[in-house]
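Biologist: I am new to this structure. Could we go through it by question and answer?

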Amino acid sequence: MLGEVAQVYRASKKRRDINWFTEWLCRPPAALFVYAIRNTRITPNQVTFLSAALCAAACGVWLAWPGWTGAVAGALVFELSFVLDCADGQLARLRGTASVLGHLLDFLMDEVKAFLVFGTVAIRLWIGSGDAVYLLCGVAGLVALASGIAMTSFTRRPEYGAKPPTADGQPHQPVSRAGALGRALGAFEWLARFVVHYPQYIWLCALVDRLDVYLWAYGAVNALYAGYVSLGLVLRLGRGA
């Protein structure tokens, strides 16, 4: 059985994954799940929706269960939703049914989950402390997140000059930069992508009962990203017709 699961893993993983956490920690258990359902009528899109439902369940745990145990329990459910977020694409690739529409649905559900988690954590911290700063940060962060998502969708349009999406999506294309400043910018971008990707590290914040670290980091990076993309849009389109 383990040999068959390994075959499923190799046959279903992306040619180039987004990071080591996804490739080596989340895709192996996702391959086990894909192996279990590979001959069923369960579709990749249904797995996508199940991942979103588990994320909503994690948010419910965070809101209803205070303290360290609630933080960790919610994080465990959330990480399980990330495993299923990997499994939907793996199932599609294994069956040869990966599509652009499936990728777009996955992107949509990822952003809905991002809204849910950020807003939930802000409310949890406010409930636990009574400090309205967490609510203000939550509102400001959600505005930055929504703005960044909207602008990302715009800049991914072919009319803007972006390459059309494929069944594997539109993976990040790193820009080569020379010199010490270029390497520093590259390192900062890598760190920013790590902060916003899913986010995969939230279980660490939960483990030390510091979900506020996630809130500040995730909100700050999304605010910087929204400002950066806004500037690019103004510089490119502000002088046009």
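Biologist: Which residues of helix 5 do Asn-45, Thr-48 and the others in helix 3 meet?
Modeller: This is a predicted model. On the helix 3 side the contact includes Asn-45, Thr-48, Phe-49 and Trp-62. Facing them in helix 5 are Gly-102, Leu-105, Asp-106, Met-109, Lys-113, Leu-116, Val-117, Thr-120, Ile-123 and Arg-124.

Biologist: Is helix 3 roughly parallel or roughly antiparallel to helix 5?
Modeller: The axes of helix 3 (residues 44–64) and helix 5 come within 9 Å and cross at roughly 0 degrees. Angles under 35 degrees count as roughly parallel, so helix 3 is, relative to helix 5, roughly parallel.

Biologist: How are helix 5 and helix 6 oriented to each other, roughly parallel or roughly antiparallel?
Modeller: Helix 5 (residues 100–129) packs against helix 6 (residues 133–155) at about 170 degrees, with axes 9 Å apart. An angle over 145 degrees counts as roughly antiparallel, so the orientation of helix 5 to helix 6 is roughly antiparallel.

Biologist: How many residues of the contact of helix 5 with helix 6 are nonpolar?
Modeller: Helix 5 contributes residues including Phe-107, Glu-111 and Trp-126, and helix 6 residues including Tyr-134 and Leu-145. Of the contact residues, six are polar and one is charged, and the nonpolar ones number 15.

Biologist: Why does Cys-26 form no bond with the closest cysteine sulfur, in Cys-86?
Modeller: A disulfide needs the two sulfur atoms within 2.5 Å. The structure holds zero disulfides. The sulfur of Cys-26 is too far from that of Cys-86 for a bond, because the distance is 5.0 Å.

How values were computed. Residues are numbered from 1 along each chain as its sequence is written. This is a predicted model: local features need pLDDT of at least 70, side-chain atom pairs count only at pLDDT 80 or more; totals for chains, interfaces and linings use all residues. Side-chain values use heavy atoms; hydrogens and water are left out. Axes are lines fitted to C-alpha atoms, for helices over the stretch in contact, and angles run from 0 to 180 degrees between N-to-C directions. Helices (H or I, at least four residues) and strands (E, at least two) are DSSP runs, numbered from the N terminus. Angles under 35 degrees count as roughly parallel, over 145 as roughly antiparallel, 65 to 115 as roughly perpendicular and the rest as oblique. Contact means heavy atoms within 4.5 Å. Ala, Val, Leu, Ile, Met, Phe, Trp, Tyr, Cys and Pro count as nonpolar, Asp, Glu, Lys and Arg as charged, and the others, Gly among them, as polar.
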